[in-house]
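This briefing sets out the architecture of one protein model for computational use. The sequence and the coordinates are shown first, and the points that follow are grouped by topic.

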Amino acid sequence: MSDCLFCRIIRGEIPAQLIYEDEHAVAFRDINPQAPVHVLVIPRQHIPSIAHLEGDVCNQQMAAIRRVAEQEGIAESGFRVVTNHGPDAQQSVFHLHWHVLGGRALGWPPG
Ligand code: 5GP
Ligand code: ZN
């Protein structure tokens, strides 16, 4: 997907604060953070949303999320993982991404 924002970040065409990468996943800081830690974990492969997630990619993404939480020091204190799909969830970037939020007490329900 040549014009996808997150594919462009993966290719280094748009700057981002990358904090983690492996063979399958990339993670960078959200440009508009909603918590002291707000990282987006994404697959290297272009997948539009969780509705298109299949096979090994799910496990690979969960492994990357766990590593990011450990690296960011929120694995023990707690963190939240959110992925938005579709209009009701206000998905705005159509490359699957997991919001990893932490570093403060998070309210519930999320709204
Ligand atoms: P969504 O609303 O699709 O669940 O989440 C998209 C997220 O991407 C938002 O939290 C937004 O702040 C973030 N975002 C949008 N554009 C950029 C960008 O250019 N760089 C970074 N780092 N984050 C972005
Ligand atoms: Zn993409």
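Which residue of β3 does A25 stand opposite? The residue of β3 opposite A25 is P43. The model is a predicted one, and its description below begins with the open sheet of five strands, then turns to helix α2, which packs on that sheet, and to the zinc ion (ligand 2) with its four protein donors.

**Sheet order and strand pairing**

- The five strands of the open sheet are arranged in the order β1-β2-β3-β5-β4, and their pairing is antiparallel.
- At the edges stand β1 (18-21) and β4 (79-82), each of which pairs on one side only.
- From one strand to the next, the twist averages 20 degrees.
- Strands β1 and β2 (residues 25-29) are antiparallel and share three bridges; the two form a hairpin, with three residues between them.
- Within this pairing, Y20 stands opposite A27 in β2, and L18 has F28 of β2 as its bridge partner.
- Five bridges join β2 to β3 in the antiparallel sense, and R29 faces V39 of β3 as its opposite residue.
- Another five bridges, again antiparallel, pair β3 with β5; here the bridge partner of V37 is G102 in β5.

**Burial of the strands**

- Strand β2 is mostly covered, with four of its five residues buried.
- In β3, seven of seven residues are buried.
- This burial of β3 concerns both faces: V37, V39, V41 and P43 are buried on one side, and H38, L40 and I42 on the other.

**Helix α2**

- Helix α2 (residues 56-71) packs on the sheet and touches β1, β2, β3 (37-43), β4 and β5 (98-102).
- The direction of α2 makes about 155 degrees with that of β3.
- The 16 residues of α2 should span 22 Å at 1.5 Å a residue, and the distance of 23 Å between its end C-alpha atoms agrees with this.
- The buried residues of α2 are V57, Q61, A63, A64, I65, V68 and A69.
- An α-helix has 3.6 residues a turn, so residues three or four places apart point the same way.
- The cover over the buried residues of α2 includes β1, β2, β3, β4 and β5.
- After α2 comes G73, which has a positive phi near 75 degrees.

**Zinc site**

- Four protein atoms serve as donors to the zinc ion (ligand 2): SG of C4, SG of C7, ND1 of H46 and ND1 of H95, at 2.0 to 2.3 Å from the ion.
- The arrangement around the zinc ion (ligand 2) is tetrahedral because the four donor atoms subtend angles of 106 to 117 degrees.
- Along the chain, the donors of the zinc ion (ligand 2) have the spacing C-x2-C-x38-H-x48-H.
- Distant parts of the chain are linked by the pair C4 and H95, which are 91 residues apart: C4 lies in the segment before α1 (5-10), and H95 in the loop between β4 and β5.
- C4 counts as buried because its relative accessibility is 8%; H95 also counts as buried, with a relative accessibility of 0%.

**R44 and its surroundings**

- R44 is placed in the loop between β3 and α2.
- With 31% relative accessibility, R44 counts as partly exposed.
- Apart from neighbours within four places in sequence, R44 is in contact with I10, E21, D22, E23, H24, A25, V26 and H95; H95 is also one of the donors of the zinc ion (ligand 2).
- The C-alpha atoms of R44 and A16 are 15 Å apart, and the two residues are separated by 28 residues along the chain.

**Backbone geometry outside the helix and strands**

- Q90, in the loop between β4 and β5, is not a glycine, yet its phi is positive at about 60 degrees.
- A relative accessibility of 64% means that Q90 counts as exposed.
- The W108 to P109 peptide bond is cis, with omega near 5 degrees, and P109 is found in the segment after β5.

Terms used:
Residues numbered from 1 in each chain as written. Chains lettered and ligands numbered in written order. Predicted model: local features only at pLDDT ≥ 70, side-chain atom pairs only at ≥ 80, totals over all residues. Heavy atoms only, no water. Pairing = 2+ DSSP bridges. Axes fitted to C-alpha atoms, helices over the stretch in contact; angles between N-to-C directions. Contact = heavy atoms within 4.5 Å. Donors = N, O, S within 2.8 Å, 3.2 Å for Na, K, Ca; no water. Tetrahedral: all angles 85-135°; square planar, octahedral: opposite > 155°, others 65-115°. Buried < 20%, exposed > 50% of the residue type's maximum accessible area, 1.4 Å probe, protein only. Expected span 1.5 Å × (residues − 1).
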